[in-house]
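User: Please take a close look at a single part of this model, the sheets and what packs against them. Go strand by strand where that helps.

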Amino acid sequence: MLDFIRRKSWLGGWILAVAGAVLCILCYELLRRYDGHASPLMLPPAGRFFRPGETGICFAVFGDFRIQTEPFEAVMKSIRGSGADFALCVGDMSRKREIQHFCWLAERMKHAAGDLAVFCTPGNNDRESRDPRENGLRAYKGVFGQSGYWFAWGDSLFISLDTSAERLAAGELERLEEILKAERDRFRRLVVFTHVPPLDLRREGRKECLPAGEVDDLEALLREYRLSLFVAGHQHAEARWEFAGAPLLVTPTSGQRGEGKDPRYGYWLVKLLSDGGISAECRRVEAGDGTDMMAYFLSSRMNQTGWLFRLGVVLLLTGCGMICLLRPPDGKSDAA
Ligand SMILES: [Fe+2]
């Protein structure tokens, strides 16, 4: 009887050792797989000129999906079929501020966007710390590069403004002024895109916008340099207001819970027309609110959860101990 129990425990030791080894290898491999070496970079087109001289431009504005893959991919599919030349993503893309999570996010975005160029700016949920003086965008920048940049498309200048700390990043106003001084006169139109809008004119008085003092300085600067259009996200509700003498568009969400009169997912489709006009249509997308939980767990949770790796080590050591100590006297197991 004792021999029988000993043989069974010895076999159990093998099972524990194999399970522990598999868990350790899986955790390690997922950490390595998403460490960035094999993930697509989505660097911003900083300082680039696309289609110089072109006068008619069509682009989409979306954001606030926090890796809800089902609605996000439905929105991207709709944008791809809309005729947009490119898309501006106004932030709040991630759920965890780890490089592995951002690498997976970039893979999903690249896959969903196909040939469509997507230019991003970070949101408050993409940064680790709300303190604008801290390196809160460490993981974001590892995949998406710098947060503030400009590029030109046709006859229009596009500037990304970093408001991921729910205020202007340190030195952002000065950077904006330098770009405007150097580049504004070369372009017919100026489009600024960012995460947090400068205004919140909803009646609830929630004030999900930039601090008042910063808004005054920003408005004065953008008025001086003839702002054409300002686009943002963050409020989870479609809005069309005015700021610094130009239209201000706030995009509905592409995955987070929507608010306002129409909480459905959606995006803005903007046309900068050849005659100088601007048309904007808020397009809605019907989709479930799910995410790919298995892919999310493997890419962003399992490899970030130290206790799973430690559990694997404990199982492996326990199993090895049982194999050594409970080895049957004749050296044969039941399975042999
Ligand atoms: Fe936000």
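Analyst: Two strands are said to pair if DSSP finds at least two bridges between them. The model is a predicted one.

By that criterion, β9 and strand β10 (residues 246-250) pair in the antiparallel sense over five bridges. Within this pairing, Phe-243 faces Ala-246 of β10, and Arg-240 is set opposite Leu-249 of β10. The hairpin of β9 and β10 has two residues between the strands, and Ala-244 there adopts a positive phi near 50°.

The hairpin belongs to an open sheet of seven strands, ordered β1-β5-β6-β7-β8-β10-β9, in which the pairing is mixed. Its edges are formed by β1 (49-50) and β9 (239-243), each of which pairs on one side only. On the other side of β10 comes β8: these two run parallel and are joined by three bridges. Ala-232 has Val-250 as its bridge partner in β10. Strand β7 (residues 189-194) also runs parallel to β8, again with three bridges, and here Val-191 is partnered by Leu-229 of β8. Further along the sheet, helix α5 (residues 172-183) lies across β5 (149-153) and β6 (156-161), at about 170° to β6.

Strand β8 (residues 229-232) has cover on both faces. In a regular strand, side chains alternate between the two faces of the sheet. In β8, Leu-229 and Val-231 are on one side, Phe-230 and Ala-232 are on the other, and all four are buried.

Val-231 leads on to the nonpolar core. The largest such core has 79 residues, and Val-231 is listed with Ala-60, Val-61, Leu-88 and Val-192 as touching the most other members. Helix α3 (residues 99-113) gives this core its largest share, seven residues. At least three residues of the core come from each of domain 1 (1-33 + 305-336) and domain 2 (49-285), although the C-alpha centres of these two domains are 52 Å apart.

Leu-88 connects the core to a second sheet. Setting aside neighbours within four places in sequence, Leu-88 has contacts with Phe-59, Val-61, Phe-119, Phe-193 and Val-231. One of these, Val-61, is also found opposite Leu-88 of β3, where strand β2 (residues 57-62) and strand β3 (residues 86-89) pair in parallel over four bridges. These strands sit in an open sheet of five, in the order β4-β3-β2-β11-β12, with mixed pairing. Here β4 (117-120) and β12 (278-285) are the edge strands, pairing on one side only. Direction ignored, neighbouring strands of the five-stranded sheet are turned against each other by 25° on average.

Helix α2 (residues 69-80) lies across β2, β3, β11 (265-272) and β12, and makes an angle of about 25° with β11. The axis of α2 also comes within 9 Å of that of α3, with a crossing at roughly 35°, and the crossing is right-handed. The residues that meet are Thr-69, Phe-72, Glu-73 and Met-76 from α2, with Arg-108, Ala-112 and Ala-113 from α3.

In short, Val-231 of the seven-stranded sheet is in contact with Leu-88, and both are among the core residues that touch the most other members.

Terms used: Residues numbered from 1 in each chain as written. Predicted model: local features only at pLDDT ≥ 70, side-chain atom pairs only at ≥ 80, totals over all residues. Core = buried A, V, L, I, M, F, W, Y, C linked by C-beta atoms within 7 Å. Buried ≥ 20, exposed ≤ 12 C-beta atoms within 10 Å, placed from the backbone. Domains from an automatic or database assignment. Contact = placed C-beta atoms within 7 Å. Axes fitted to C-alpha atoms, helices over the stretch in contact; angles between N-to-C directions. Left-handed = near helix turned anticlockwise from the far one by under 90°.
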